[in-house]
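Welcome! Please take a moment to look over the sequence and the model shown here before reading on.

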Amino acid sequence: MATFEMVIEGSFRFGRWLLAVAPGASEVLNAAYEGWARSFTGAPPWRNAMVATSELGWPLSGAGRAAVDVAVRRATLWALPEDDLYGAVFRGSQAAGHPSWARASLCLLQDWGVEDWPIWKARCAGPLAAYKAYAKTVITGRCLAARAQALDGHPYVQLRPCVSQDLAKGYALGLPTSCLRAQRSVSRLRAGLLTLTHRNRRRSWARLQYCIFCEATLAPEEGLSHALNVCGAWTEGRAAFGQAPGVGAGAEPGASMGAEPGSPGYQQLAEWAGALDSSATEFWGGRLLSLRPVLPPSSAHAGRSAAALSYELLHMPESGLLVPEPELPQALRRLSAGGGGGSGAAWAPSSAGWGGRRSWLNG
Ligand SMILES: [Zn+2]
């Protein structure tokens, strides 16, 4: 995230005070930051963006960040000497009342409930840095209110009522690199981004499903608590968590998903989450197995090659048919040879059980 702040945010911030007053800029800015947040956490486009931004520790929306820039820019211009040409043009535009950045940016600040520099200066008489802190506090408050509204009733709020500071805390505590990397998996688990149950090796809304690791019968909402608390495939992770200093013998890992860096067992839980995330991703990466059942039977697709259809399906995230880009050519060759897939195709694993993605790709 430090790289994002330095490279992306650092370059995006340039000129944002100007862009912010353009019609529709707020929507564009919000969508950009929400899209980045979803990308960082691996969330699909239809998931609540507030969960993703919260996990990244972003209290400000894209438009909120720009509003802070506008407030600071206006304050900087107000603070210029009377004989400064730039400052004189700004003050003149403000007084003239014709359409200008000076007028539009004042309206933007008023929309956010932020006092302009002259009003704030008369009330508080502080330096520019204090005004920036004031503007940021007001705008953050508005963004957090919007977050609370967007997450009202969302189960995620039970685990993180406030914006998560886990990434910053983990870094400040000097956690091992493996643990810092695994924090993304903790976020993904907490945000409910991992599908841990299946039905016929497909994602399903069915009430009766099966653990992707041990085939235990479960309801979909029980997947995470089952994996952490009882799943037979994760006894080692559970043991490592239970033996961590400060963790009681009877502590349930599933009850610790809201734990913060530095709390007992957090490091063990994070590294376990990383392994869980990796295994779940590998499981769903092999969804090519069920290509035949999800192939659309419609005659609307007549005349198009099986390879072309397969390629499209592979790129539909909601189908679960996710195959890494470098493996696509090989997968498509096998599809063509297998006549569309299904049990018994040349590339299909044996019916004895799930052999993993590598097994079918390599023969
Ligand atoms: Zn299980």
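What follows is a short tour, from the chain as a whole to its helices and a few individual residues.

## The chain as a whole

Before anything else, please keep in mind that this is a predicted model. Its chain has 363 residues, and 30% of them count as buried. The secondary structure comes to 19 helices and 3 strands.

How do contacts run along the chain? Taking contacts between residues at least 6 apart in sequence, 62% join residues at least 24 apart.

## Helix α12 and its kink

A good helix to begin with is α12, which covers residues 177-190. Its 14 residues should span 20 Å at 1.5 Å a residue, and the end C-alpha atoms are indeed 20 Å apart, so the two values agree. Where is the kink in α12? It is centred on Gln183 and amounts to about 30 degrees. Just after this helix comes Gly192, which takes a positive phi of about 70 degrees.

The buried residues of α12 are Cys179, Ala182, Gln183, Ser185, Val186, Ser187, Arg188, Leu189 and Arg190. Gln183, the centre of the kink, is thus listed among the buried residues. What do these buried residues pack against? Their partners are α3 (25-41), α4 (49-55), α10 (156-159), α11 (166-172), α13 (223-229) and α15 (266-285).

## Where α12 meets α15

One of those partners, α15, packs against α12 at an angle of about 70 degrees, with the two axes 7 Å apart. That makes α12 roughly perpendicular to α15, because angles of 65 to 115 degrees count as roughly perpendicular. The crossing of this pair is left-handed. On the α12 side, the residues that meet α15 are Ser178, Cys179, Arg181, Ala182, Gln183, Ser185, Val186, Arg188 and Leu189. On the α15 side they are Gln267, Ala270, Glu271, Ala273, Gly274, Leu276 and Asp277.

Cys179 offers a close-up of this part of the model. This residue is found in α12 and counts as buried because it has 21 C-beta neighbours inside 10 Å, where 20 or more are needed. Leaving aside neighbours within four places in sequence, Cys179 is in contact with Gly170, Gln267, Ala270 and Glu271. Cys179 and Leu269 are 90 residues apart along the chain, yet their C-alpha atoms are separated by 9.0 Å.

## Helix α5 and two of its partners

Next comes α5, residues 62-78. At 1.5 Å a residue its 17 residues should span 24 Å, and its end C-alpha atoms are 25 Å apart, which agrees. Is α5 largely enclosed or largely open? Of its 17 residues, 13 are buried, so this helix is largely enclosed by the rest of the structure.

The axes of α5 and α9 (residues 128-150) come within 9 Å and cross at roughly 155 degrees. That makes α5 roughly antiparallel to α9, because angles over 145 degrees count that way. The crossing of α5 and α9 is right-handed. In α5 the residues taking part are Gly64, Ala67, Val68, Ala71, Val72, Ala75 and Thr76, and they meet Leu128, Tyr131, Lys132, Ala135, Lys136, Ile139 and Cys143 in α9.

With α3, the axes come within 6 Å of those of α5 and cross at roughly 120 degrees. These two helices are therefore oblique to each other. Ser26, Leu29, Asn30, Ala32 and Tyr33 of α3 make the contact with Gly62, Ala63 and Ala66 of α5.

## Residues in the loops

Most residues other than glycine have a negative phi. Ala125 is not a glycine, yet its phi is positive, at about 55 degrees. Ala125 is found in the loop between α8 (117-124) and α9, and it counts as exposed because it has 8 C-beta neighbours inside 10 Å. Arg201, also not a glycine, has a positive phi of about 60 degrees. Arg201 lies in the loop between β1 (197-198) and β2 (209-211) and is partly exposed, with 17 other C-beta atoms within 10 Å.

The last stop is Ala255, in the loop between α14 (235-242) and α15. Is Ala255 buried or exposed? With 11 other C-beta atoms within 10 Å, Ala255 is exposed. Ala255 and Leu159 are 96 residues apart in sequence and 9.6 Å apart in space, C-alpha to C-alpha.

Methods:
Residues numbered from 1 in each chain as written. Predicted model: local features only at pLDDT ≥ 70, side-chain atom pairs only at ≥ 80, totals over all residues. Helix = DSSP H or I, 4+ residues; strand = E, 2+ residues; numbered from the N terminus. Buried ≥ 20, exposed ≤ 12 C-beta atoms within 10 Å, placed from the backbone. Contact = placed C-beta atoms within 7 Å. Expected span 1.5 Å × (residues − 1). Bend = angle between axes of the 7 residues up to and from the residue. Axes fitted to C-alpha atoms, helices over the stretch in contact; angles between N-to-C directions. Parallel < 35°, antiparallel > 145°, perpendicular 65-115°, else oblique. Left-handed = near helix turned anticlockwise from the far one by under 90°.
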